[in-house]
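Here is a short note to read alongside the structure. Take it one point at a time, and keep the view open as you go.

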Amino acid sequence: MSEHVSRRTALAKLGVLLNAAVAAILAVPVIGYLLSAIERKRGYTAWVGLGPLSQFPQGQTRLASFKNPLRRPWDGQTADIPCWVRCVDSQNFQVFAINCAHLGCPVRWFPQSQLFMCPCHGGIYYADGSRAAGPPPRGLFQYPYKVEKDQLLIKAGELPTLATYPATQSAGGNS
Amino acid sequence: MNRLKAVGDWLDQRLQIGPAIRDAMFHRVPAASASWWYVFGSSAFLLLMLQVVTGICLALVYVPSGAQAWNSLQTLNHAIALGWYLRAVHGWGSNFMVALVFLHMTQVFLFGAYKYPREFNWITGVFLLIFTLGMAFTGQVLRFDQDAYWGLGIGASITGRIPLIGAPLVHLLLGGPIIAGDTLSRFFDLHVFIIPALLLGLVGIHLLMVLKLGINEWPMPGRVVRRETYLKQYDELVHKDGIPFVPDAIWKDMVFGAVVLLAVLACAAIFGPFGPSGQPDPTIIQTLPRPDFFFLWIFSLLALLPPGIETPVILIAPVIVIGLLVLLPFFSGEGEKSWRRRPVSVMSVLLIAVSLGILTQLGDVAPWSPVMNAWSALPVPMQYLKGRSALERQGAIVFQDKQCRNCHALGGSGGQRGPALDSVATRLTPDQLIRQVLQGGGNMPAYGKNLNPAEVTALVSFLETLHRPGQRPARDAAESGLPAIDSGQPAEH
């Protein structure tokens, strides 16, 4: 009799083991699927056009926008990303992310005082993107840019945060 | 009547849940616990049910798509019969639920109900609070307006401050590299499937434990909880001085619950639904992102923390706070239950309440935010222009044009980021004014590169006029030979 019980107990244990194995197999695709949002090898960013150079007069800082390179049909308006373009001279630009380096709110440019101001927690930046006042830990994030066939292009596609943008790309830092 | 009883008996025989229901209904509770102080938990549960019902109704129309969510809310507000009211009830129900969960928690804490043997009830309660706040935040995201969009940016920016794994966590949170359609989809998933499932499951355990362990007795000063004796004492109390839950105790829960629900329905009818504010178009940067009421205190903290300690505080403080709450019954599982004998607990509650209240109030005013349109929208008060020279008036123009007003108030209006300048001339000498304007300092940017010498002269001559009549402007102590403390005093004749 006890032999029977131990055999059934063993079979029950086998059942548990079998289900654990199935759960482990199932977990692989589920976790893989869930983690698919995390950066793939080729990255998220791509070169996108901001328009002809004539839109960005020398010495001025203007709002531009681009379509996020990695987008889905159901993104709607969220696929349109703004940025600030500062034309230093005909070939030298600074393209700043709209997101405050503090917590990502949209900074606004005031040409009269030559300052960027953030409406959330009061971060202030100078025209070159360096931090002027307030809580931001660094200057505005900058996109890499290039000029091709009289068009201004930037490498974009990722929300800039302290983690997703290395500190070396700081715009002037704390001056 | 007999037929009804027959049907009931037939069902009871097959379902076999009659005894359990009867046990739950007629279990004895301490007579003193049938109090108006013990009604918050049940009405929080009632509100959860209201949220489930109204949420299911809203999901009939709401489209969880980045491109359509905002439009579907407009449809609910304006094109569907009573859609606006269902949204309003859901929104106000959420506010009331957060408030009642906080009330319930405060009452449980002050009445020592978290002590032996109800430790696990407290711990599940802590997670119920977290999930309730999680529902409030994800619900705010589903409103998918400008506040939601930039609120997500703030969430991502905080996540991005986590060392080493910040970047993958940001992408996991947003469902990709940037706030977009997939971000909304995963917050929909959280708000509609994941958190509600956790919430309902935990509420079930929470309630089951209240039934199994019994409701907390009314705390009496001097009646000390001891692990060895408590269960016996409680059992005696319930048998000696107990009353059946139904109907002797439940009527207060039902009356209070009905009043709370009526208040939600009335608020919804009077104040209407929350938003949505502007459409989630990030290129519309003329926006003032603000969180919902219950997160205003976090908004304040994020503005007021010194930058140097901000990252460690926002990453470590939540862990410490949640850890302390979870561990509370383990380092205070016995002893006095009465608030009369627990001054530290009472002071802690007061301290937390006052801090949250002040931070919420500050978050509502947001004195740290520049008033983005003050320079063009608020005129310089008349009394600062009357009888002034052309140069001084020119200075007033420079003052407005250079957006000084966005951070500095004049005549009570303007930004509060920097000090009000109505009497700045009594605080700073002309030389100090020039230096402050050109070099900045404190929390003020340097204007040296953005002002030409003529503008500086005009601006400073305007600022020099800013003092009350009769007050003397600040003077350089070294030049006048007087102690600096004398400057700014009214002239004596």
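The points below start with chain A, move to the contact between the chains, and end with chain B.

1. A word before we begin: this is a predicted model. Please keep that in mind whenever you read a distance or an angle below.

2. Let us begin with the make-up of chain A. It contains 1 helix and 11 strands. Along the sequence, the helix comes at the start of the pattern and the strands follow it, giving α-β-β-β-β-β-β-β-β-β-β-β. Of the 175 residues in chain A, 42% are buried. If you take the contacts in chain A between residues at least 6 apart in sequence, 51% of them join residues at least 24 apart.

3. Next, the domains of chain A. The assignment splits chain A into domain 1, residues 2-37, and domain 2, residues 46-169. Where do their centres lie relative to each other? Taken over C-alpha atoms, the centres of domain 1 and domain 2 of chain A are separated by 51 Å.

4. Now find a sheet in chain A. Four strands form an open sheet in the order S5-S6-S7-S8, and their pairing is antiparallel. Why is one side of S5 and of S8 left without a neighbour in the sheet? Both strands stand at the edges and have a single partner strand each, so there is nothing in the sheet on their other side. From one strand to the next, the twist averages 35 degrees.

5. Stay with that sheet and zoom in on one pair. S7(A) and S8(A) run antiparallel to each other and are joined over 2 bridges. You can pick out a bridge by its residues: A:Ile124 has A:Ala133, in S8(A), as its bridge partner. As background, strands of a sheet pair through backbone hydrogen bonds, either parallel or antiparallel.

6. On to the place where the chains meet. Chain A brings 49 residues to the contact and chain B brings 56 residues. On the side of chain A that touches chain B, at least two residues come from each of the strands S3 (80-89), S5 (108-110), S6 (115-117), S7 (124-126) and S8 (131-133). S3(A) gives the most, with 3 residues. Sorted by class, this side of chain A has 26 nonpolar, 16 polar and 7 charged residues.

7. Chain B also has two domains in its assignment: domain 1 covers 24-365 and domain 2 covers 374-486. Their C-alpha centres are 47 Å apart.

8. Two helices of chain B make a good exercise in burial. Helix H7 (residues 146-159) has 14 residues and reaches 20 Å from its first C-alpha to its last, close to the expected 20 Å. Is H7(B) mostly covered or mostly open? It is mostly covered, with 14 of its 14 residues buried. Helix H14 (residues 343-365) has 23 residues and spans 33 Å between its first and last C-alpha, close to the 33 Å expected. Here the number buried is 1 of the 23 residues, so H14(B) lies largely in the open. Just after H14(B), look for B:Ala366, which takes a positive phi of about 50 degrees.

9. Last, a single glycine to locate. B:Gly204 sits in helix H9 (residues 181-213) of chain B. It counts as exposed because it has 11 C-beta neighbours inside 10 Å, and the cut-off for exposed is 12 or fewer. From B:Gly204 to B:Gly442 is 238 residues along the chain, and their C-alpha atoms are separated by 54 Å.

Note on methods. Residues are numbered from 1 along each chain as its sequence is written. Chains are lettered from A and ligands numbered from 1 in the order in which they are written. This is a predicted model: local features need pLDDT of at least 70, side-chain atom pairs count only at pLDDT 80 or more; totals for chains, interfaces and linings use all residues. The expected span of a helix is 1.5 Å times one less than its number of residues. A residue is buried if 20 or more other C-beta atoms lie within 10 Å of its own, exposed if 12 or fewer, and partly exposed in between; C-beta atoms are placed from the backbone. Two residues are in contact if their C-beta atoms, placed from the backbone, lie within 7 Å. Ala, Val, Leu, Ile, Met, Phe, Trp, Tyr, Cys and Pro count as nonpolar, Asp, Glu, Lys and Arg as charged, and the others, Gly among them, as polar. Domain bounds come from an automatic or database domain assignment. Two strands pair if DSSP finds at least two bridges between them. Axes are lines fitted to C-alpha atoms, for helices over the stretch in contact, and angles run from 0 to 180 degrees between N-to-C directions.
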